[in-house]
Amino acid sequence: MIATTEKIEYGKEVIEFELLQEDRKTLSIEVLPTTKIKVKAPENKNKQDIIKKVQNKAKWIAKQKQYFVDNYKEPDEKKYVSGECFRYLGKQYRLKVIKSNTDSVKLKNGYLLVEYNLKTPATLINKWYKDKALSIYKKELDKCFQQFIACNIVKPSLKIRKLTKRWGSYNKNSNTITMNIEAIQSNKDCIDYVIYHELCHCLHFSHNKEFYNLLESKCKNWNKLKNKLEKLVL
Ligand SMILES: [Zn+2]
């Protein structure tokens, strides 16, 4: 997959978009609620031709963009104060922050309960998410990998990071799956979908037909899970 940033003009407006060229047959233009524009095109297509096609859709793109500007609100920056809502494994928890003589984070009666002393609530909560993500992703990877045993591949190692544009990625050279910490906000089925997707990359590098056939055989409702996951805005 090749990703570049391109632009078109519409009236006085310069519209930037991300262009992904990958193994596919058709052009797709997507305006995300964040007003980012994603264009997917076949690998072998000439870039100028693609830009021309996108340019022809400029009016539609500008209209979509404006719709999201008018209707979409960025999730507020977390302030880590009591009453805020935090997601974990598909459920929502209200935050309760208490000054204490200890540093701890736990889920209790529908609350994300944070007692803090030496560290700030923000530090404690972020560490808690990271620890949970790592241990749950590891467990889910072990579980999902069972379905790939017959494929004769080596189990990839796991890394977690805060990724801004994707839920996971696979590095062939190091045989490593990198998972987005944020996926821990979604439920385990969605986490498994990301893992299945990346495990399929151990066998098929690009998103070709074989890749999707394999994914479909391991994770039947992947499309539904993908949509569900995409409702969480990165
Ligand atoms: Zn992929």
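This note sets out points on a sheet and a pair of helices in a predicted model.

1. The sheet as a whole. Four strands make up an open sheet, and their order across it is β5-β6-β8-β7. The pairing in this sheet is mixed. In general, strands of a sheet pair through backbone hydrogen bonds, in either a parallel or an antiparallel sense. Averaged over neighbouring strands and with direction ignored, the turn of one strand against the next is 35°.

2. The edges. Strands β5 (85-88) and β7 (104-108) lie at the edges of the sheet. Each has a single partner strand, and therefore one side of β5 and one side of β7 have no neighbour in the sheet.

3. The β5-β6 hairpin. Strands β5 and β6 are antiparallel and are joined by 4 bridges. Within this part of the sheet, R87 is placed opposite Q92 in β6. The two strands form a hairpin, with 2 residues between them. One point for inspection is L89 in the turn, which has a positive phi of about 45°.

4. The β6-β8 pairing. Here the sense is parallel, and 6 bridges connect the two strands. L95 has L112 of β8 as its bridge partner.

5. The β7-β8 pairing. Strand β8 (residues 111-116) runs antiparallel to β7, and 5 bridges join them. L107 is found opposite L112 in β8. L112 is thus a residue to view from both sides, as it is also the bridge partner of L95.

6. The helix on the sheet. Helix α3 (residues 121-145) packs on the sheet, where it touches β6 (91-99), β7 and β8. The direction of α3 makes about 125° with that of β8.

7. Geometry of the α4-α5 pair. Two packed helices are described by the angle and the distance between their axes. For helix α4 (residues 188-201) and helix α5 (residues 209-218), the axes come within 9 Å and cross at roughly 140°. Angles over 145 degrees would count as roughly antiparallel, and those of 65 to 115 as roughly perpendicular; α4 and α5 are therefore oblique to each other. Their crossing is right-handed.

8. Residues of the α4-α5 contact. From α4, the contact is made by Y196, H197 and C200. Helix α5 contributes F211, L214, L215 and K218. By class, the residues of this contact comprise 5 nonpolar, 1 polar and 1 charged.

Methods:
Residues numbered from 1 in each chain as written. Predicted model: local features only at pLDDT ≥ 70, side-chain atom pairs only at ≥ 80, totals over all residues. Axes fitted to C-alpha atoms, helices over the stretch in contact; angles between N-to-C directions. Parallel < 35°, antiparallel > 145°, perpendicular 65-115°, else oblique. Left-handed = near helix turned anticlockwise from the far one by under 90°. Contact = placed C-beta atoms within 7 Å. Nonpolar A, V, L, I, M, F, W, Y, C, P; charged D, E, K, R; others polar. Pairing = 2+ DSSP bridges.
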